[in-house]
Amino acid sequence: MNAPSKIDLDTNRRSDPTPSDLTITVRDERFNRDRTPRRWWAGEPFGTAWHNALSATFPRGEAFFIEAVKAHREGASPKLEAEIRAFVRQEINHTREHIAFNKLAEDHGYDIKKIDTRVAEMLALTKDRPAILNLAVTMALEHYTAMMAHEFLANPKHFAKADPEVRQMWQWHAIEEIEHKGVAYDTWIHATKDWTPWMRWKVRSLIMISVTGRFFTNRWKDSINLLAQDGITGWKARWGQFKYLAWSPGVVRRIFPAWLAYFKPGFHPWDHDDRALINLYEGEFSDALMQPAE
């Protein structure tokens, strides 16, 4: 019987899976500074609750992503080094804008501090964990952001009734998540270059399963809590949120094939080149300070 290490389960069989002509552009955009969107900015409570719950995790979460990737940049190729720098700058801007957006939610009376506290407590547990596992978690969560970013841009239903400027903020964020979706993964390939393909596949797959359980458990609790702050509780809250996520617009149902692809031997985020979605929205941010990666 062949040893597991002989199974080709990772991307080391391809010299450069990320497109060679990819440009990661830092768009220095600011949103929601001069106006205040309505409380249910999505046009209804369930989409508002889901996205507010996501946004509440971003400031600390994206700081974690930055540190996890930067911890493994030593010895990276010049191309990957430049992509990591651009990734960091994009994530810093995302953090800034979601801090501002979260403040708007608080101004509407939402208590989101419980979400922030839970994220802080979970991140505190990572300090004594091997740095490579933090990178694996980052890689899995970056796949989540890329999957949802693709869906948000490809399916106009998600923000059809949303406040225009809030919609634009999420589209801007989605564009950059697609653009840098391979950076954490390529950093992982670089950092684990001495591992067997079997070990790489096993660790990333187990981490994704663990991350998935925590991600949906916590975001469900958070969104149900935010709905309760709107007076929507019990079966009405649970059924409404389930329909929003699983049926229409159905982000969870629609990203499932992309989630499953993560477990494919030889998977890479750029197996699906969806840069065409970026081009659909790029003109909306033409006035931003555009800074391509060096």
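Which ring does the charged end of Arg 219 sit over? The ring belongs to Phe 215, and the charged end of Arg 219 lies 5.9 Å from its centre. Before going further, please keep in mind that this is a predicted model. With that said, let us walk through the structure together.

Arg 219 is a good place to start, for it also leads to the largest pocket. Among the 23 residues that line this pocket, Arg 219 is one of those nearest its centre, together with Met 122, Leu 123, Val 137 and Leu 141. The space inside the largest pocket comes to about 500 Å³. Two or more lining residues come from each of H1, helix H3 (113-124), H4 and helix H7 (197-228). The largest share is that of H1, which gives seven residues to the lining. A second arginine over a ring is Arg 204, which lies over the face of Tyr 262 at 5.5 Å from the ring centre.

From the open pocket we can turn to enclosed space. Rolling a probe the size of a water molecule over the atoms shows where empty space is left. Three cavities of 30 Å³ or more are present in the structure, and the largest holds about 100 Å³ of space. Its lining is made up of Leu 54, Phe 58, Thr 145, Met 148, Ala 149, Phe 152, Trp 170, His 173, Ala 174 and Glu 177. Three helices, H1, helix H4 (131-154) and H5, each supply at least two residues of that lining.

Several names on that list return as we look at the aromatic rings. In total the structure holds 22 aromatic pairs. One of them joins Phe 58 and Trp 170, whose ring centres are 6.1 Å apart and whose planes make an angle of 55 degrees, a tilted arrangement. Because Phe 58 belongs to helix H1 (residues 45-70) and Trp 170 to helix H5 (residues 164-179), this pair ties together parts that lie 112 residues apart in sequence. Both Phe 58 and Trp 170 are buried. Ring pairs also link these two residues with Trp 41, Phe 101, Phe 152 and Phe 159 in a cluster.

A second pair makes a nice contrast. Phe 256 and Trp 259 are stacked, with 5.7 Å from centre to centre and 25 degrees between the planes. Here both partners are in helix H9 (residues 251-261), three residues apart, which is about one turn of the helix. Phe 256 has a relative accessible area of 45%, so it is partly exposed. Trp 259 counts as buried because its relative accessibility is 16%, and the cut-off for buried is under 20%.

Now let us visit His 94, a residue of helix H2 (residues 78-107). With a relative accessible area of 0%, His 94 is buried. Its side chain makes a polar contact of 3.3 Å with the side chain of His 173, and another of 3.4 Å with the side chain of Glu 177. Both of these partners also line the largest cavity. Apart from neighbours within four places in sequence, the residues in contact with His 94 are Glu 62, Trp 172, His 173, Glu 176, Glu 177 and His 180.

Another buried residue waits in the segment before S1, namely Thr 18. Its relative accessible area is 2%, so Thr 18 is buried. A polar contact of 2.4 Å joins the side chain of Thr 18 to that of Asp 186. Once neighbours within four places in sequence are set aside, Thr 18 is in contact with Lys 79, Glu 83, Asp 186, His 268 and Trp 270.

Our last stops are two details of the backbone. Most residues other than glycine have a negative phi, and most peptide bonds are trans. Asn 32 has a phi near 60 degrees, a positive value in a residue that is not glycine. You will find Asn 32 in the loop between strand S1 (25-28) and H1, and at a relative accessible area of 7% this residue is buried. As for the peptide bond from Ser 248 to Pro 249, it is cis, with omega near 5 degrees. Pro 249 is part of the loop between helix H8 (234-246) and H9.

How values were computed: Residues are numbered from 1 along each chain as its sequence is written. This is a predicted model: local features need pLDDT of at least 70, side-chain atom pairs count only at pLDDT 80 or more; totals for chains, interfaces and linings use all residues. Side-chain values use heavy atoms; hydrogens and water are left out. Helices (H or I, at least four residues) and strands (E, at least two) are DSSP runs, numbered from the N terminus. Buried means under 20% relative accessible area, exposed over 50%, partly exposed in between (1.4 Å probe, protein chains only). A polar contact is a pair of N or O atoms within 3.5 Å; within protein, one must be able to donate a hydrogen and the other to accept it, and residues adjacent in sequence count only if both atoms are side-chain atoms. Contact means heavy atoms within 4.5 Å. Rings of Phe, Tyr and Trp (its six-membered ring) pair if their centres lie within 6.5 Å; planes under 30 degrees apart count as stacked, over 60 as edge-to-face and the rest as tilted. A charge sits over a ring if NZ of Lys or CZ of Arg is within 6 Å of the ring centre and within 35 degrees of the ring normal. On a 1 Å grid over the protein atoms alone, a cavity is a set of points where a 1.4 Å probe fits but cannot get out, and a pocket is an open set with protein on both sides within 12 Å along at least five of seven lines; lining residues have an atom within 4 Å of a point. Grid points are joined across faces, edges and corners, and a volume is the space filled by probe spheres set on the points.
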